[in-house]
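Biologist: I should be grateful for a close look at one part of this protein, namely the way its helices pack against each other. Please connect that account with the core and with the backbone of the loops.

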Amino acid sequence: MHSHLIPGIDDGSKSMEDSLMMLRKFEQLGYQKVVTTPHVMSDFYKNTPEIILGGLEKVREAMAKEGLKIKIEAAAEYYLDFHFDDLIKQKKVLTFGQNHVLFELSFNDEPPRVKDTIFNLITEGYKPILAHIERYPFYINQWDKIEDFKERGVLLQLNINSLSGHYGPPVKKMAEQLIDRGWIDVIGSDCHHIGHLQMLESLRTNPHLHKVVAQENLLNKFL
Ligand SMILES: [Fe+2]
């Protein structure tokens, strides 16, 4: 889960050919299903459920023509802004799994409203998943803050490619420590382009990836 495979609607896949190439590679690597999550961000990516689900249908049609067997579903990766709070109140949030919602934060500063938004999500019956928890500079080694998220009912998602050092050594170390603590609930590719899949392939023997996949309660197994 967590990828950007619908062409032309965010900073992920640029064309249907791109999308098919990435989905073919997922299938070759042994993946059975992907939950793709285009960005929704009020300033940059004004994606509505209609745009995302319409794009999903086109991808499915192209996959059928190519004979691709991997399953694909779509939800979204919501950037925490005022627009997201409005969508929560209007119950217009795209979900996957058991009413799960993927959301991300700014990489610059911890948003002051993060706890309010989490409260609103949970009050409306959603199960929030915080995207790539290991990547936010302001949460590196901030174990109390991360534990507080868990206590509030937020599930934590890790990018598999963080284990490669792709996002820098501190993020790699953070990813390993989160896995060692058993704090990761769900793992994702955050795949934007074919390079991310080549990285996934190179991580197939990574011990921390094997450790997190072996966790009985890893959400991926139930999606
Ligand atoms: Fe993403």
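Modeller: The account below takes the helix pairs in turn, then the core, and then single residues.

This is a predicted model, in which local features need pLDDT of at least 70, side-chain atom pairs count only at pLDDT 80 or more, and totals for chains, interfaces and linings use all residues. Residues are numbered from 1 along each chain as its sequence is written.

Helices (H or I, at least four residues) and strands (E, at least two) are DSSP runs, numbered from the N terminus. Helix α1 (residues 16-28) and helix α2 (residues 49-66) have axes that come within 10 Å and cross at roughly 60°. Such axes are lines fitted to C-alpha atoms, for helices over the stretch in contact, and angles run from 0 to 180 degrees between N-to-C directions. Angles under 35 degrees count as roughly parallel, over 145 as roughly antiparallel, 65 to 115 as roughly perpendicular and the rest as oblique; α1 and α2 are therefore oblique to each other. Their crossing is right-handed, a crossing being left-handed if the near helix is turned anticlockwise from the far one by less than a right angle, and right-handed if clockwise. From α1, the residues M16, S19, L20 and L23 make the contact, and α2 supplies V59, A62, M63 and E66; contact requires C-beta atoms, placed from the backbone, within 7 Å. By class, the contact of α1 with α2 has six nonpolar, one polar and one charged residues. Here Ala, Val, Leu, Ile, Met, Phe, Trp, Tyr, Cys and Pro count as nonpolar, Asp, Glu, Lys and Arg as charged, and the others, Gly among them, as polar.

Helix α2 also holds R60. With 14 C-beta neighbours inside 10 Å, R60 counts as partly exposed, since a residue is buried if 20 or more other C-beta atoms lie within 10 Å of its own, exposed if 12 or fewer, and partly exposed in between. The C-alpha atoms of R60 and E73 are 9.3 Å apart, and the two residues are 13 apart in sequence.

The second pair is α3 with helix α4 (residues 114-123), whose axes lie 10 Å apart at an angle of about 20°. Helices α3 and α4 are therefore roughly parallel to each other, and their crossing is left-handed. F84, D85 and I88 of α3 meet T117, N120 and L121 of α4. This contact has three nonpolar, two polar and one charged residues.

F84 is also among the residues touched by Y78, together with V40, V93, V101, L102 and F103, not counting residues up to four places away in sequence. Within the largest nonpolar core, which has 50 residues, Y78 and L102 have the most contacts. A nonpolar core is a set of buried Ala, Val, Leu, Ile, Met, Phe, Trp, Tyr and Cys residues joined through C-beta atoms within 7 Å. Helix α6 (residues 169-181) gives the largest share of this core, five residues.

Turning to the loops, K91 lies between α3 (82-89) and β5 (100-104). Its phi is near 55°, a positive value in a residue other than glycine, and K91 is exposed, with 9 C-beta neighbours inside 10 Å. N141, in the loop between β6 (127-130) and α5 (143-151), likewise has a positive phi, of about 60°, although it is not a glycine. N141 is exposed, with 10 other C-beta atoms within 10 Å.

Definitions and conventions: Two residues are in contact if their C-beta atoms, placed from the backbone, lie within 7 Å.
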